[in-house]
Amino acid sequence: MKAFADLYTALDETTKTNEKVDALARYFASAPPDDAAWALYFLIGRRPRQVVPSARLRQWVEEVAGLPEWLFSESYDAVGDFAETLALLLPDDEGRRTKDESLMQNPSSFVGGHSSEDSLRYWIEEQLLPLRGADEAAQREIVLRAWTELDRVERFIWNKLITGGFRVGVSQLLVTRALAKVSGVEAGVIAHRLMGDWEPSAPFYERLLSPDTQDAETSQPYPFCLAHPLEGDPADLGPIDEWQAEWKWDGIRSQLIHRNGQVFIWSRGEELVTDRYPELAEAGALLPPGTVIDGEILPWKDGGVLPFAQLQRRIGRKTVGKKLLNEIPVVIMAYDLLELDGRDVRQEPLSWRRAELEKVINSFNHRDTEKTKNNNLRDLRASVVQKILLSPIVQAASWEELAATREQSRELNAEGLMLKRRSSAYRVGRVRGDWWKWKVDPYTIDAVLIYAQRGSGKRASLYTDYTFAVWDDGQLVPFTKAYSGLTDAEIRKVDAFIRRNTVEKFGPVRTVTPELVFELGFEGIQRSNRHKSGIAVRFPRILRWRTDKPIAEADSLDTIKAMLPKEA
């Protein structure tokens, strides 16, 4: 646990990529395999759900530290991070032992025989995981013992782990680079092995770093190739005939896998979602064995894409009833071919992969079902062959012509265009140069700041979480929240305004005198019964501070409703 805490500190204290990779490599080179497996599990963003309710943790800290409720609330408000607040409020060892022994009827239940030198595996498998099925008394005993035995940094990390909120400033790409550095295995191979379902254990970690790379699991997806936003003129990319343009659809990026008679559907978030899209699983079973397709799950009806809001009705449902299947049918729009006849073809140029993908999809979608003798199979094929569609290439003779075509994106419920170099391999992660997303400009409105709340982490002492309103019949109606887009200097100015112009407080939220106007941008819009305005938007952010506008010139709710898609 101490070594993991030291790693966390090293990662938290630097913003330099190479220093982070070096710190990770040092840890993995020296950590026992079972510790390394658990460290890896948490570092790449996987974590068990919260095992102890926050209210219990708060109550126990108040008891151990002798704090009134109001003081904990004020401390949390100032710090902004729950796990860090717990760690900071716990007394140091000598004072805490005295207080706790007088507090608890059974002091021996609070004193354990372990120290912070125990392994990370011990703290996870023998302390954290048993919390899930324990009653409150047993949970209290384990947690208080941990707080006694761990130092302040270790307590902070323990609190992060038991609340399910562990995060540190590294990406999965940096972790795979460090593991490649330690093992000599290519980062792409390690990234592939990390995909899908796996349990953190010494055997898994040893397989992860094994030099034998012939190890594709039946269900295992490939790491996704991701694009960077195009910020300059597309003409700077070179001749247009070197590039393939496709619509950028707004759905769920996924891989459809058919291997060894089994079908698997993985989301980009490495979640197995096969059961949630049974119609796609049926279609996938008709693909040639040893096929892996990269594409986008889209809500699709009457030959067109439905708004993303419709797909959200199916997201998160582990089982989908017939009514929802009929109301919101889905397709997978195939972008790329990653595996053909059981062979990894990611290193082939995009032009080759596209040609082979067309053969697979065209053969699949044009089966002569009438010649099928088995009526049940014929009916099945007839119902599923249109569930895997080929992403259309957007043709243009010049960048100017392509730019004009791009303006039609919203009419198709698309976000813009994808630009892919025809000679490019299918790479791992977000790598510059070969794939770009050329999105249409966001929707924009001018809104008024009415509520504010402190941020978290390094922004815990500043008001950085804002709620904005628009006009409706002469009243300002809350419309959306936004957290990003201002410079550090602007954040400090807005923070000072909020402190000077607070009208009232509701817990951590401050009502602010309505004076500041901001231009907000967002990607999508839909009706919502959960919002007072009746509208919900996707990915709202601050584009600029409109110091030139009075609040009377902010936009109205009617203006925003006019932006709704026709289907909404």
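The charged end of Arg410 sits over the ring of Tyr443, and the distance to the ring centre is 3.9 Å. A second arrangement of this kind involves Arg538, whose charged end lies over the ring of Phe308, 3.8 Å from its centre. I should say at once that this is a predicted model.

Let me turn to the aromatic rings. The structure contains 23 aromatic pairs. One of them joins Tyr8 and Phe166, a tilted pair with 5.7 Å between the centres and 55° between the planes. Tyr8 belongs to helix α1, while Phe166 is in the loop between α10 and α11 (172-183), so this pair ties together parts of the chain that are 158 residues apart in sequence. Is Tyr8 buried or exposed? Tyr8 is buried, because its relative accessible area is 10%, and buried means under 20%. Phe166 is likewise buried, with a relative accessible area of 3%.

A further pair is that of Tyr76 and Phe82, which meet edge-to-face, 5.6 Å centre to centre and with 70° between the planes. Here the two partners fall into separate classes of exposure: Tyr76 is partly exposed, at 32% relative accessibility, whereas Phe82 counts as buried at 15%.

Returning to Tyr8, this residue is also part of a cluster linked by ring pairs. The members of that cluster are Phe4, Tyr8, Tyr27, Phe28, Trp38, Tyr41, Phe42, Phe156, Phe166, Trp198, Phe204 and Tyr205.

Two of these names, Phe4 and Tyr8, lead us to helix α1, which spans residues 2-12. Its buried residues are Phe4, Ala5, Leu7, Tyr8 and Leu11. Why do these residues lie on the same side of α1? They cover an arc of only 160° around the axis, which puts them on one and the same side of the helix. The spacing follows a general rule: an α-helix has 3.6 residues a turn, so residues three or four places apart point the same way. As for what covers the buried residues of α1, the elements include α2 (17-30), α3 (33-43), α8 (120-128) and α10 (152-162).

Two of those covering helices, α3 and α8, are also joined by charge. Arg121 forms a salt bridge with Asp34, with 3.7 Å between the closest N and O atoms. Arg121 lies in helix α8 and Asp34 in helix α3, so the bridge ties together parts 87 residues apart in sequence. Asp34 counts as partly exposed, with a relative accessibility of 24%. The pair does not stand alone, for Asp34, Arg121, Glu125 and Glu126 are linked in a network of salt bridges.

Over the whole structure, a search finds 34 salt bridges. I shall mention two others. In the first, the side chains of Arg314 and Glu279 meet at 2.8 Å, N to O. Arg314 is in the loop between α15 (308-312) and α16 (322-327), and Glu279 is in helix α14 (residues 278-284), so this bridge ties together parts 35 residues apart in sequence. Both Arg314 and Glu279 are buried.

The second joins Glu407 and Arg406, whose side chains meet in a salt bridge at 3.4 Å, N to O. Which of these partners is exposed, and which is buried? Glu407 counts as exposed, at 55% relative accessibility, while Arg406 is buried, with a relative accessible area of 10%.

Finally, I come to a sheet. Four strands form an open sheet in the order β2-β13-β11-β3, and the pairing is mixed. Its edge strands are β2 (228-229) and β3 (243-249), each of which pairs on one side only. Between β2 and β13 (residues 435-439) the pairing is parallel, over 2 bridges. Within that pairing, Pro229 has Lys437 of β13 as its bridge partner.

One residue of this sheet deserves separate mention. Lys420 is found in strand β11, which runs through residues 414-421. Lys420 is buried, because its relative accessible area is 2%, and the limit for that class is under 20%. Which residues does Lys420 touch, leaving aside those up to four places away in sequence? Beyond that range, Lys420 touches Glu242, Trp243, Gln244, Glu246, Tyr335, Leu350, Asp434 and Trp435.

Key: Residues numbered from 1 in each chain as written. Predicted model: local features only at pLDDT ≥ 70, side-chain atom pairs only at ≥ 80, totals over all residues. Heavy atoms only, no water. Buried < 20%, exposed > 50% of the residue type's maximum accessible area, 1.4 Å probe, protein only. Contact = heavy atoms within 4.5 Å. Arc of directions from axis to C-beta. Salt bridge = Lys/Arg side-chain N within 4 Å of Asp/Glu carboxyl O. Phe/Tyr/Trp six-rings, centres within 6.5 Å; stacked < 30°, edge-to-face > 60°. Lys NZ or Arg CZ within 6 Å of the ring centre and 35° of its normal. Pairing = 2+ DSSP bridges.
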